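Hi,

Here is the structure I promised to pass on to you. Have a look at it first, then read my notes below with the model open beside you.

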Amino acid sequence: MTACDEASSRPATLELNLARNATSPGNVTRLLHLIVAILLFASHTALATPCQFETQGEGRVAGIVDARSVRLDDGREVRLTGIEATATTKQALSSLLVGRDVNLRSADDTPDRYGRQAALVFVGESDISVQAILLARGEAIVSAEIADKDCAAALMAAEAEARRQKMGSWADPSAIKNAESPDDIWAGIGRFMVVEGKVLSVRQAGAMTYLNFGRNWTRGFAVTISRRIQPAFENAGITLKSLENRRIRVRGWVEGNTGPRIDVRLVGQVELLGANEPTGVRP
């Protein structure tokens, strides 16, 4: 990272954290860890240059629409792609972005059905996206919607660092749900959740494959994967049957009429975990 890049990115990455929790010794220690993590991540970003998509415009942020969307001073609405919100995302966006000049980068500038432009957002000339900053602070969760392999890996690495440091939402022991406790997952129906557990069986019914985490198929937690998605897993070197008896981490919107379900539509929603890997942590 050049001195110029470092100077331009630090205000955006650290301003909110430096402004709060300044008096608590425990939080100061954690903040120092976070600063080191962000700078290391920034250094990696400068070398690998992930998420450097084509520029799709620029503008000044006039306000925050919701926890994932901002309004520019010319009236455009921008949805921050690649993340799902936590309880603190909206407040963090306000502190990071309101009144700031931003650059928008993405593979496509086609508006969504709500007229919003989906993009990675960069403050000024920074090479680190706001999404990566939020993830590194535990103030957002990776949505797995970005298909570019290098970019997706960079965002996942930022989230993993926050998990290791127990930053933001990851300080809550229940932030990652246990697949063996379907009632806890069921309580989050309609929410985006991260769940870990061992796949006890893989069953196909019609055009759908079920990854079952419980013995009771009607009440236990399960992941559903449509047949049309299976080639994407195979291209990634994963056969669904091979997931049987494997520990995985899955993320997505919880739904279901009986037991809780997450419908996997993107390969990035599923992470393979080592047999002895501690819960909630992955390098």
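**Two loop residues to start with**

Let's begin with Asn245, which sits in the loop between α7 (230-235) and β13 (247-255). Its phi is positive, about 70°, although Asn245 is not a glycine. Lys166 is another one to look up: its phi is near 55°, again a positive value in a residue other than glycine. You'll find Lys166 in the loop between α5 and β8 (176-178).

**The whole thing**

Before you go further, keep in mind that this is a predicted model. The protein has 7 helices and 15 strands. Of its 283 residues, 47% count as buried. If you take contacts between residues at least 6 apart in sequence, 63% of them join residues at least 24 apart.

**The barrel**

Now for the strands. In which order do the 5 strands of the barrel close? Going round, the order is β1-β2-β3-β6-β5, and the pairing is mixed. From one strand to the next, the twist averages 60°.

A quick reminder on pairing: strands of a sheet pair through backbone hydrogen bonds, and they can do so parallel or antiparallel. You can see both kinds on β6. Strand β3 (residues 77-80) runs parallel to β6 (residues 117-123), and 3 bridges join the two. Zoom in there and you'll see Leu80 opposite Ala119 of β6, while Arg79 has Ala118 as its bridge partner. With β5, on the other hand, β6 pairs in the antiparallel sense, over 4 bridges. One pair to look for here is Asn103 with its bridge partner Phe122 in β6.

So is β6 mostly covered or mostly open? Mostly covered: 7 of its 7 residues are buried. Gln117, Ala119, Val121 and Val123 point one way from the strand, Ala118, Leu120 and Phe122 point the other way, and all of them are buried.

There's a helix to add to this picture. Helix α3 (residues 89-97) lies across β1 (55-66), β2 (69-72), β3, β5 (101-105) and β6. It runs at about 125° to β1.

**One buried valine**

Next, find Val202, in strand β10 (residues 201-205). Why does Val202 count as buried? Because its relative accessible area is 8%, and the cut-off for buried is under 20%. Leaving aside neighbours within four places in sequence, Val202 is in contact with Thr209, Tyr210, Leu211, Leu240, Lys241, Leu243 and Glu244. Take Leu240 from that list: Val202 and Leu240 are 38 residues apart along the chain, yet their C-alpha atoms are separated by 7.3 Å.

**The largest pocket**

Last, the pocket. The largest one has a volume of about 710 Å³. There are 27 residues lining it, and the closest to its centre are Ala152, Met156, Val267, Gly268 and Val270. Two elements, α5 (149-165) and β15 (270-273), give two or more residues to the lining. Which element gives the most? That's α5, with 8 residues. As for what the lining is made of, it divides into 18 nonpolar, 2 polar and 7 charged residues.

That's what I have for now. Enjoy clicking through it!

Key: Residues are numbered from 1 along each chain as its sequence is written. This is a predicted model: local features need pLDDT of at least 70, side-chain atom pairs count only at pLDDT 80 or more; totals for chains, interfaces and linings use all residues. Side-chain values use heavy atoms; hydrogens and water are left out. On a 1 Å grid over the protein atoms alone, a cavity is a set of points where a 1.4 Å probe fits but cannot get out, and a pocket is an open set with protein on both sides within 12 Å along at least five of seven lines; lining residues have an atom within 4 Å of a point. Grid points are joined across faces, edges and corners, and a volume is the space filled by probe spheres set on the points. Ala, Val, Leu, Ile, Met, Phe, Trp, Tyr, Cys and Pro count as nonpolar, Asp, Glu, Lys and Arg as charged, and the others, Gly among them, as polar. Two strands pair if DSSP finds at least two bridges between them. Axes are lines fitted to C-alpha atoms, for helices over the stretch in contact, and angles run from 0 to 180 degrees between N-to-C directions. Contact means heavy atoms within 4.5 Å. Buried means under 20% relative accessible area, exposed over 50%, partly exposed in between (1.4 Å probe, protein chains only).
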